[in-house]
Structures are given as C-alpha cells and as structure tokens.
Amino acid sequence: MRKFNITVNGKTYEVDVEEVGGSAPAAPVAAPAPAAAPKAASAPKAAAPKATGSMGATKVTAPMPGTVVSIKVNVGDKVTKDTLVAVLEAMKMENEIFAGADGVIASVNAAAGDSVNTGDVLVSLN
C-alpha cells in the first residue's frame with residue numbers, strides 16, 4: 001500500500017493505493033503532510049436568495065450545475081418564502097428550488113431544458 005494526498009476542488013484527501021502487478025516497488029517517497037479529514041457530504045439545499053443593491057430585487061440562483069426541468073412561476077406571480085419556483089436536475093436527481101422570500105416575480109431568467117451553473121439566476125423577485 002502507498003499513501004498519497006490528492007487535492008480536489010481545494011480539499012485535500014489522503015488515499016491508500018494498493019499496487020497490483022509484478023513490477024518492482026518504486027523508491028521510497030518522503031512522507032506527505034497529514035491531510036485534512038474530508039467533511040461528510042450534506043444534502044443539497046435549495047438556492048438561498050441573494051439580495052442585490054439595485055431596486056431591492058432578490059435573486060433565486062441555482063445551488064449547483066444542472067439542467068432546468070421546469071419553471072413553476074411566471075412574471076407577475078405573487079410568491080411566498082416556501083413557493084416552488086423551479087425544478088433542477090443534477091446528477092440524475094430532481095431538486096426543488098424554492099423562492100426563499102416573499103415577493104412578486106420580476107423576471108424569469110431560465111427555461112426548461114437550459115443548462116445552468118452554480119450561482120446562475122433562475123428568477124428574480126421584487
């Protein structure tokens with residue numbers, strides 16, 4: 001067994017790799033620094049609204065990259081904090097995205113079938 005530190009997206013993980021096959025072992029490697037313990041993955045949460053400085057609009061953003069399955073609201077609809085505004089598919093799972101604040105839909109910035117990245121605005125509220 002050999003130990004390696006691998007960094008993925010800024011997080012360092014210590015992994016053990018078993019060598020298989022008939023090749024001769026490589027020269028010893030200096031001991032790596034201890035790796036930070038990986039945090040347990042938490043369930044994705046709905047996009048938290050982000051307030052902007054212009055006209056008090058609140059933006060509902062995509063919490064992760066994915067594909068918009070459906071937008072459940074239209075411009076002018078009144079919504080409350082827990083109103084479902086969109087469904088986003090990521091990693092073969094459908095994630096419900098909620099408004100996060102009371103308001104009126106000012107704009108719809110995505111449509112069904114659109115690919116979005118983390119932080120992309122789905123809808124904005126006034």
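Mentor: Before we start, one term: accessible areas here come from the Shrake-Rupley method with a 1.4 Å probe. Keep in mind, too, that this is a predicted model.

Trainee: Okay, so how much area does the protein chain expose, and what share do carbon and sulfur atoms supply?

Mentor: The exposed area of the protein chain comes to about 8600 Å². Carbon and sulfur atoms account for part of that, and their share is 56%.

Trainee: And what share of the residues of the protein chain counts as buried?

Mentor: A residue needs under 20% relative accessible area to be called buried. The chain has 126 residues, and the portion that passes is 22%.

Trainee: How many helices and strands should I look for in the protein chain?

Mentor: Read along the sequence and you'll meet the pattern β-β-β-β-β-β-β-β-β-β-β. So the count, with strands taken as DSSP runs of at least two residues, is 0 helices and 11 strands.

Trainee: Which strands stand at the edges, each with a single partner strand?

Mentor: Look at the open sheet of 4 strands, ordered β8-β7-β5-β10 with antiparallel pairing. Two of them have a single partner strand, so one side of each is left without a neighbour in the sheet. Those edge strands are β8 (93–98) and β10 (115–116).

Trainee: Which residue in β10 is the bridge partner of G66?

Mentor: Strand β5, residues 66–71, pairs with β10 in the antiparallel sense over 2 bridges. The β10 residue that partners G66 is V116.

Trainee: How far apart in space are M64 and V116, C-alpha to C-alpha?

Mentor: M64 lies in the loop between β4 (58–61) and β5, and it is buried at 15% relative accessible area. In sequence, M64 and V116 are 52 residues apart. In space, their C-alpha atoms are separated by 8.0 Å.

Trainee: Back to the start of the chain: which residue takes a positive phi in the hairpin of β1 and β2?

Mentor: β1 runs antiparallel to strand β2 (residues 11–17), and 7 bridges join them; K3, for instance, stands opposite D16 in β2. The hairpin has 2 residues between the strands. The one with a positive phi, near 50°, is N9.

Trainee: Which strand gives the most to the nonpolar patch?

Mentor: The patch covers about 300 Å² of surface and is made by F4, I6, V8 and V17. F4, one of its members, sits in strand β1. The top contributor, giving 3 residues, is strand β1.

Trainee: Is F4 buried, partly exposed or exposed?

Mentor: Buried needs under 20% and exposed needs over 50%, with partly exposed in between. F4 has a relative accessible area of 35%, so F4 is partly exposed.

Trainee: Last one: which side chain does a polar contact of 2.6 Å join to the side chain of S124?

Mentor: You'll find S124 in strand β11 (residues 121–125), and at 8% relative accessibility it counts as buried. Leaving aside neighbours within four places in sequence, S124 is in contact with several residues, including T58, K59, V104 and S107. The side chain that makes the 2.6 Å polar contact with that of S124 belongs to S107.

Key:
Residues are numbered from 1 along each chain as its sequence is written. This is a predicted model: local features need pLDDT of at least 70, side-chain atom pairs count only at pLDDT 80 or more; totals for chains, interfaces and linings use all residues. Side-chain values use heavy atoms; hydrogens and water are left out. Patches are made of residues with over 30% relative accessible area and no salt bridge: like charges are joined within 9 Å, nonpolar side chains (Val, Leu, Ile, Met, Phe, Trp, Tyr) within 5 Å. A salt bridge is a side-chain nitrogen of Lys or Arg within 4 Å of a carboxyl oxygen of Asp or Glu. Buried means under 20% relative accessible area, exposed over 50%, partly exposed in between (1.4 Å probe, protein chains only). Two strands pair if DSSP finds at least two bridges between them. A polar contact is a pair of N or O atoms within 3.5 Å; within protein, one must be able to donate a hydrogen and the other to accept it, and residues adjacent in sequence count only if both atoms are side-chain atoms. Contact means heavy atoms within 4.5 Å.
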